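Open the structure in your viewer and keep the selection tool at hand. The tour below goes stop by stop and says what to select at each.

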Amino acid sequence: MFRNPSLFRHFHSVMKRSVTVEKVEVVKKAKVIKKKVWEPFDPSLPNNLKFPTSFDFPPKPEKSIKFASYNVASLPACIKKGFNSYVTAEDADVLCIQETKLNSPLTTAVDPKVYPYQYWSFHDKKGYAGVAVFSKHEPQKVTYGLPGHEEEYKGRVITLFFQHLVLIASYVPNAGDKLIRLPQRRVFNDRMERYIRSLQADAKSVIWAGDLNVAHTAEDLARPETNQRSAGFTIEERTDFGKVLAPSGQLPGLIDSWRHLHPTQKGHYTYYSYRFKCREKLIGWRLDYFAITPDLLDRLVSSDIRHEAWGASDHVPLVLTLKDTEL
């Protein structure tokens, strides 16, 4: 085509410059997308990956009662990782545990001299669910499951009736992957609310404790935007829990004791998944509660999350202290 060598060299030079300019323009148009780095709401919180060998909890005030609740995510495994050291250090008057994954009592769980009154409830399915309550004080009566549905909720609910209050220790069913069990979960929610209202109607002071498997507000989990249809944060589950916290006729709603004392606090959670370095990054959910009837508010001393006690389970314990209280 180019018989004149100089003309060929000129054409090649022009084309090379054109391609170079085009490449530069492409580079200039390319956008650099920076991945947002997660920053904890409260970076001062502990993010230890191993269960502590010792604890330094504040002493219990005189004439007070301390309740503790802890999802142990398999009691045998939790014991191997330090459960008993926590129990000794906490020295709660009443200890509720969930997800024991047992089908018979475990004698090494607690010292029977410290907790002579022990109550266990097991699910029929091996290694599934399971709740237990250990108490220094003898209740007047103990029931298992929900009224009229005792067999259906074995391993889910134990109620201790003391002289001055009623403690409902529960492990609320999870809605499951892809929300496959959400309908059954909502049936449980309705039945639990009816049960609590019946106790209130009978003028009982009520404490509803345990892993309630719901993050009630956007402040109760690290990433609400991406979990709108995740189990524990669906609008259905949050609405159902909100019903218990709202008045029903002449009956007042229960009080989320921790949120009552920490109304604007963000980043404080009771559950951190073992996956995706969630504990290390402080990405969690607040799923564990002590919900109380309003008549107990004037006795409420504290509702504390034991943030440091992570590593024996994917949950941490929650502790409620009431002053001037007898069981």
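A residue is called buried here when its relative accessible area is under 20%, exposed when it is over 50%, and partly exposed in between, using a 1.4 Å probe and protein chains only. This is a predicted model, in which local features need pLDDT of at least 70 and side-chain atom pairs count only at pLDDT 80 or more, while totals for chains, interfaces and linings use all residues. Residues are numbered from 1 along each chain as its sequence is written, and side-chain values use heavy atoms, leaving out hydrogens and water.

**The whole chain**

Select the protein chain. Of its 327 residues, 49% count as buried. The chain has 7 helices and 12 strands; these are DSSP runs numbered from the N terminus, helices being H or I with at least four residues and strands being E with at least two. Contact means heavy atoms within 4.5 Å. Among contacts between residues at least 6 apart in sequence, 71% join residues at least 24 apart.

**The sheet**

Next, colour the strands of the open sheet, which has 6 strands in the order 3-4-2-1-12-11 and mixed pairing. Two strands pair if DSSP finds at least two bridges between them. At the edges are strand 3 (117-121) and strand 11 (300-305), each pairing on one side only. From one strand to the next, the twist averages 10 degrees.

Zoom in on strand 2 (residues 94-98) and strand 4 (residues 131-135), an antiparallel pair with 5 bridges. Which residue of strand 4 stands opposite C96? Select V133 to see the partner of C96.

Now add helix 3 (residues 83-90), which packs on the sheet and touches strand 1 (64-71), strand 2 and strand 12 (318-323). The direction of helix 3 makes about 165 degrees with that of strand 1. Axes are lines fitted to C-alpha atoms, for helices over the stretch in contact, and angles run from 0 to 180 degrees between N-to-C directions.

**Two salt bridges to select**

A salt bridge is a side-chain nitrogen of Lys or Arg within 4 Å of a carboxyl oxygen of Asp or Glu. By this rule there are 17 salt bridges.

Select E90 and K66, whose closest N and O atoms are 3.0 Å apart in a salt bridge. E90 lies in helix 3 and K66 in strand 1, 24 residues apart. Both E90 and K66 are buried.

Then select K60 and D93, a salt bridge with its closest N and O atoms 2.9 Å apart. K60 is in the loop between helix 1 (5-29) and strand 1, and D93 is in the loop between helix 3 and strand 2. K60 is partly exposed, at 34% relative accessible area, whereas D93 is buried at 5%.

**The helix pair**

Move to helix 4 (residues 182-201) and helix 5 (residues 235-244), whose axes come within 10 Å and cross at roughly 5 degrees. The two helices are therefore roughly parallel to each other; angles under 35 degrees count as roughly parallel, over 145 as roughly antiparallel, 65 to 115 as roughly perpendicular and the rest as oblique.

Show the side chains where they meet: among them are L182, R185 and N189 in helix 4, and E236, E237 and V244 in helix 5. Select E237 and R185, which form a salt bridge (2.9 Å, N to O). E237 and R185 are 52 residues apart, and both are buried.

**Last stop**

Finally, select D220, D256, R259 and R286, joined into one network by salt bridges that share partners.
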